[in-house]
Amino acid sequence: MLIYVHGFNSSPASAKARLVRARLEALGRGAEFVATAVPPSPAQAAKLLDALAARHRGAALIGSSLGGYYATWLAEKHAMKAVLLNPVVRPYELLAPLVGLQKRFHTGEEYVFTPGHVAELRSLEVVRITPSRYLLIVTTGDEVLDYRRAVERYRGCRQIVIEGGDHGLSQLADHLDTVLEFCDIGRAG
């Protein structure tokens, strides 16, 4: 089972989620994929994701951007493997200037991102990680995040650093076999 956790203002309809779902369906394993809409409140998101992880013991995680931060929290809490795609390292710093009205990319849903949400993000920070649980994939051309922060944060973990690229990780298809193998899904293709 794979649990996909999307990023800030994204959704299960993201290009990366659709790509992973399509690959699993091609392998006849589409039923082994879960991607749910993560609530804007980090506390509510944590509650939802924690329940999902508890229901799917032995699952692996794929977390993109802010979803990588949540995936790290889940991986340590539930001893799960996690693939992190251009993850945010300190979202409470990155997102603090975005307090105010926000809009989801795929649905157009509007909501207010509050200082309380920033504090909730800080409360989910994991101090120590277990390096063997993670595969980090970052792009040096990420226009949103400094990839070096993730490389440092996940030092000792398996890492793929892609020269160039973008925050959306448009090169994910080139690394999907590695992602699925790391998640114990088996050889793709």
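Let me begin with Phe113, which has a relative accessibility of 1% and therefore counts as buried, a word that stands for under 20% relative accessible area, with exposed meaning over 50% and partly exposed in between, for a 1.4 Å probe and protein chains only. Before I go on, please keep in mind that this is a predicted model, in which local features need pLDDT of at least 70 and side-chain atom pairs count only at pLDDT 80 or more, while totals for chains, interfaces and linings use all residues. Residues are numbered from 1 along each chain as its sequence is written, and side-chain values use heavy atoms, with hydrogens and water left out.

Now to the aromatic pairs, of which the structure holds 3; rings of Phe, Tyr and Trp (its six-membered ring) pair if their centres lie within 6.5 Å, and planes under 30 degrees apart are called stacked, over 60 edge-to-face, and the rest tilted. One of them is the tilted pair of Tyr4 and Phe33, with 6.4 Å from centre to centre and 40° between the planes. Tyr4 belongs to strand E1 (residues 2–5) and Phe33 to strand E2 (residues 33–35), so that this pair links distant parts of the chain, 29 residues apart; helices (H or I, at least four residues) and strands (E, at least two) are DSSP runs numbered from the N terminus. Both Tyr4 and Phe33 are buried.

Phe113 itself pairs with Phe8, edge-to-face, at 5.2 Å centre to centre and with 75° between the planes. Because Phe8 lies in the loop between E1 and helix H1 (15–26), whereas Phe113 is in strand E6 (residues 110–113), the pair ties together parts that are 105 residues apart in sequence. Phe8, with a relative accessible area of 17%, is buried too.

Phe8 comes up again when we turn to empty space, which was searched on a 1 Å grid over the protein atoms alone: a cavity is a set of points where a 1.4 Å probe fits but cannot get out, a pocket is an open set with protein on both sides within 12 Å along at least five of seven lines, and lining residues have an atom within 4 Å of a point. Grid points are joined across faces, edges and corners, and a volume is the space filled by probe spheres set on the points.

The largest pocket holds about 310 Å³, and of its 20 lining residues, Gly7, Phe8, Ser65, Phe105 and His167 are the closest to the centre.

How many cavities of 30 Å³ or more does a search of the whole structure find? There are 2, and the largest has about 90 Å³ of space. Its lining consists of 13 residues, with Phe8, Pro39, Pro40, Leu66 and Tyr70 nearest the centre, and the elements giving two or more residues to that lining are helix H3 (66–78) and E6. The second largest cavity, with a volume of about 30 Å³, is lined by Tyr69, Thr72, Val88, Val89, Val126, Arg153 and Tyr154.

Two of those lining residues also meet each other, since Arg153 lies over the face of Tyr154, 5.6 Å from the ring centre; the rule here is that NZ of Lys or CZ of Arg is within 6 Å of the ring centre and within 35 degrees of the ring normal. Likewise, the charged end of Lys81 sits over the ring of Phe182, at 5.0 Å from its centre.

Finally, the cysteines: taking a disulfide as a pair of cysteine sulfur atoms within 2.5 Å, the count comes to 0. Cys157 is in no disulfide, and the nearest cysteine sulfur, that of Cys183, is 14 Å away. Cys157 has 9% relative accessibility and so counts as buried, and Cys183, at 7%, counts as buried as well.
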